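Here are a few short exercises to work through with the model open in your viewer. Try each task before reading its solution.

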Amino acid sequence: MSEAVVDIASAVQSASINPHPSPAHDLNPSTSASTKKPVSPATSIPSNAESIPESALKPVPRRANLPPLPDMRFEQSYLASLQGAESWWRIAWITTRDQVALPLIQGMLWTLLLSGWRYWNRGAHFRGATLGSKVRRWWWNVNHWKIPEETQNIVEEKVGEVS
């Protein structure tokens, strides 16, 4: 039974994938926001005008419109990158760069940032004089947990005897 379900899902998915996308056509498909059609109350008033509220007949003017949202789908940016490729080596380089190198670099930088934050924050847990640090020290003392040694001296200097 599960094989049939997987086969059906695979067939539906493979049928919806365009095997030969056109960069000129598929870069930014038009959306409903691409065209604007102004609405005028004079042309859209039905014959039963008494039942329509005044706010609908004379709407408040809108603010200046924001620019359209950029198309952030991966396929669009990938096809735009491939548009200038002359050889299959260039296509291989663009594919490797977009799908391997840039995510790897982004992940490494994010990990280094989080590791640095954790290293800095580890020592800041007990050193501070804020309410959060005082509550944390109180909670550790209530539970008879040992406060880490490197912060014990700093805490004793600021607060006095912790035990």
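**Exercise 1. The fold**

Read along the sequence and write down the pattern of secondary structure elements.

*Solution.* Going along the chain of this predicted model, you get α-α-α-α-α-α-α. Counting elements gives seven helices and zero strands. Now for how the chain packs: take the contacts with a separation of 6 or more, and 40% of them turn out to join residues 24 or more positions apart.

**Exercise 2. Inside and outside**

Work out what share of the 163 residues is buried, and what share of the accessible surface belongs to carbon and sulfur atoms.

*Solution.* Start with burial: under 20% relative accessible area counts as buried, and 10% of the 163 residues in the protein meet that mark. Then turn to the surface, which adds up to about 14200 Å². Carbon and sulfur atoms supply 63% of that area.

**Exercise 3. One face of a helix**

Find the buried residues of helix α4 (residues 74-82), then look down its axis and say how they are arranged.

*Solution.* First pick them out: Q76, Y78, L79 and L82 are the buried ones in α4. Next, sight down the axis of α4: these residues sit within an arc of 165°, so they line one face of the helix.

**Exercise 4. A nonpolar patch**

Which residues join L104 in a nonpolar patch on the surface?

*Solution.* Begin at L104, which you'll find in helix α5 (residues 88-127). Its partners in the patch are L102, I105, M108, L109 and L112. Together, the patch residues have about 610 Å² of accessible area.

**Exercise 5. A salt bridge**

Search the whole structure for salt bridges, and for R97 and D98 decide who is buried and who is partly exposed.

*Solution.* Side chains of opposite charge can pair when their charged atoms come close. The search turns up one salt bridge: R97 pairs with D98, and their closest N and O atoms are 3.1 Å apart. That fits the 4 Å cut-off. As for cover, R97 has a relative accessible area of 25%, so it's partly exposed. D98 comes in at 16%, so it's buried.

**Exercise 6. Two tryptophans**

Classify the aromatic pair formed by W138 and W139.

*Solution.* A search of the whole structure finds three aromatic pairs, and W138 with W139 is one of them. Their centres are 5.9 Å apart, with 45° between the planes. Planes under 30 degrees apart would be stacked and over 60 edge-to-face, so this pair is tilted. W139 itself is partly exposed, at 42% relative accessible area.

Technical notes: Residues are numbered from 1 along each chain as its sequence is written. This is a predicted model: local features need pLDDT of at least 70, side-chain atom pairs count only at pLDDT 80 or more; totals for chains, interfaces and linings use all residues. Side-chain values use heavy atoms; hydrogens and water are left out. Patches are made of residues with over 30% relative accessible area and no salt bridge: like charges are joined within 9 Å, nonpolar side chains (Val, Leu, Ile, Met, Phe, Trp, Tyr) within 5 Å. Accessible areas come from the Shrake-Rupley method with a 1.4 Å probe; for residues, only the protein chains shown count as cover. A salt bridge is a side-chain nitrogen of Lys or Arg within 4 Å of a carboxyl oxygen of Asp or Glu. Helices (H or I, at least four residues) and strands (E, at least two) are DSSP runs, numbered from the N terminus. Buried means under 20% relative accessible area, exposed over 50%, partly exposed in between (1.4 Å probe, protein chains only). The arc is that of the directions from the helix axis to the C-beta atoms. Rings of Phe, Tyr and Trp (its six-membered ring) pair if their centres lie within 6.5 Å; planes under 30 degrees apart count as stacked, over 60 as edge-to-face and the rest as tilted. Contact means heavy atoms within 4.5 Å.
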